[in-house]
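Work through the exercises below with the model open. Each task is followed by a stepwise solution.

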Amino acid sequence: MQALPPPPLPAVAPLVVAPSPDRSVATTGDLRVAAALTDAQVRVDSSFRGASIVLYGAVFNPTTEPADVVVVVRGPDAPVRLVKKTRNMGVWLNSRPVLFEGAPGFYMTASTRPLSDIADFGQLRRLGVGVDHLRIDAPEESRTVTRYGVRDVVVSRLGDDYLDWRRAVIRLKEAAALYDTDPQGVEFVDKGLFRAEVKLPTVAPTGKYYAEVWLFQDGEPRSVSNLTLTVEKVGLERDIYEFAHRRPWLYGVLCVVLAALTGYGASRIFSRRS
């Protein structure tokens, strides 16, 4: 008895693997930047010693012209009160306080090279990029006028000393590591891929932070990516913070009572030892 031959296998179309494109078809003609944060939320408690967050992204550049990346991170605004020591009849006294209505509690810039090499003064000033172009609300008792054909020029009671006071705000923030400028803080780790590090000090204010990632080419801003970062208190610190802001009078009374009890307890202990 002769065995029958096996049935023929069904015909299968050959598998063709298409070559992977160099870039997404949807962005072939676009010059743009995309970015993200490794952590968009920072929790502050009693053990907080600062934080380091990596901002990373990609540049989609279909042209042969090189492009620069500038990262700007700005924290919540808050009033800044300054006084200056003045000598009067041989005695050093505090001058009349100057209150800036709002300045960023945190501000940093990082770029692929110095900002002055990336764009001109006018572009940086218009975008508010860089500490020298940082928008700080003028002190109280300011007014706006029109000068040299330019509207809304801010004139404060400080007059010619306004720039000196403004520099003092920036200098104090830099000393506290709250303002930082890194002309080489953006690093390209691969073709089109970059990273930058955002360092938050221990005294970083809580609230919402805004990050702007600018893409410059030929001195002009071509694209921007906007991100948000939240720094918030947690645990007992948050409860005390919220209680102090919701019940300021009661919080003050409790602090006075606690201080009085502490002083009384300390005096009793030292009186027994003596």
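**Exercise 1. The cavity**

Task: In this predicted model, find which residues line the largest cavity.

Solution:
- Step 1. Count the cavities. The structure holds 1 cavity of 30 Å³ or more.
- Step 2. Take its volume. The largest cavity comes to about 50 Å³.
- Step 3. List the lining. Leu37, Ile53, Val73, Val198, Tyr209, Tyr210, Ala211, Leu227, Thr228 and Leu229 line the largest cavity.
- Step 4. Map the lining to elements. β16 and β17 are the elements that give two or more residues to it.
- Step 5. Sort by class. The lining has 9 nonpolar residues, 1 polar residue and no charged residues.

**Exercise 2. The nonpolar core**

Task: Establish which members of the largest nonpolar core touch the most other members, then trace the contacts of Leu200.

Solution:
- Step 1. Rank the members. The core has 54 residues, and Leu55, Val71, Phe194 and Leu200 touch the most other members.
- Step 2. Find the main contributor. Strand β16 (residues 207-217) supplies the largest share of this core, 6 residues.
- Step 3. Trace Leu200. Set aside its neighbours within four places in sequence; Leu200 is then in contact with Val42, Gly50, Ala51, Ile53, Phe106, Tyr209, Leu229 and Val231.
- Step 4. Link back to the cavity. Ile53, Tyr209 and Leu229 are among the contacts of Leu200, and Ile53, Tyr209 and Leu229 are also among the lining residues.
- Step 5. Set the context. In soluble globular proteins, nonpolar side chains tend to be buried together.

**Exercise 3. The salt bridges**

Task: How many salt bridges are there, and what parts does the pair Arg43 and Glu232 tie together?

Solution:
- Step 1. Count. There are 4 salt bridges.
- Step 2. Take Arg43 and Glu232. Their closest N and O atoms are 3.8 Å apart.
- Step 3. Place the pair. Arg43 lies in strand β2 (residues 41-44) and Glu232 in strand β17 (residues 220-233), so the pair ties together parts 189 residues apart in sequence.
- Step 4. Check exposure. Arg43 is exposed at 51% relative accessible area, whereas Glu232 is buried at 19%.

**Exercise 4. Two further pairs**

Task: Which side chains meet Arg113 and Arg74 in salt bridges?

Solution:
- Step 1. Arg113 pairs with Asp68 (2.9 Å, N to O).
- Step 2. Arg113 lies in the loop between β9 (107-111) and α1 (115-118) and Asp68 in strand β4 (residues 68-74), so the pair ties together parts 45 residues apart in sequence.
- Step 3. Arg113 is partly exposed at 36%; Asp68 is buried at 12%.
- Step 4. Arg74 pairs with Asp77 (3.4 Å, N to O). Arg74 is partly exposed at 24%, and Asp77 is partly exposed at 44%.

Terms used:
Residues are numbered from 1 along each chain as its sequence is written. This is a predicted model: local features need pLDDT of at least 70, side-chain atom pairs count only at pLDDT 80 or more; totals for chains, interfaces and linings use all residues. Side-chain values use heavy atoms; hydrogens and water are left out. A nonpolar core is a set of buried Ala, Val, Leu, Ile, Met, Phe, Trp, Tyr and Cys residues joined through side-chain atoms within 4.5 Å. Buried means under 20% relative accessible area, exposed over 50%, partly exposed in between (1.4 Å probe, protein chains only). Helices (H or I, at least four residues) and strands (E, at least two) are DSSP runs, numbered from the N terminus. Contact means heavy atoms within 4.5 Å. On a 1 Å grid over the protein atoms alone, a cavity is a set of points where a 1.4 Å probe fits but cannot get out, and a pocket is an open set with protein on both sides within 12 Å along at least five of seven lines; lining residues have an atom within 4 Å of a point. Grid points are joined across faces, edges and corners, and a volume is the space filled by probe spheres set on the points. Ala, Val, Leu, Ile, Met, Phe, Trp, Tyr, Cys and Pro count as nonpolar, Asp, Glu, Lys and Arg as charged, and the others, Gly among them, as polar.
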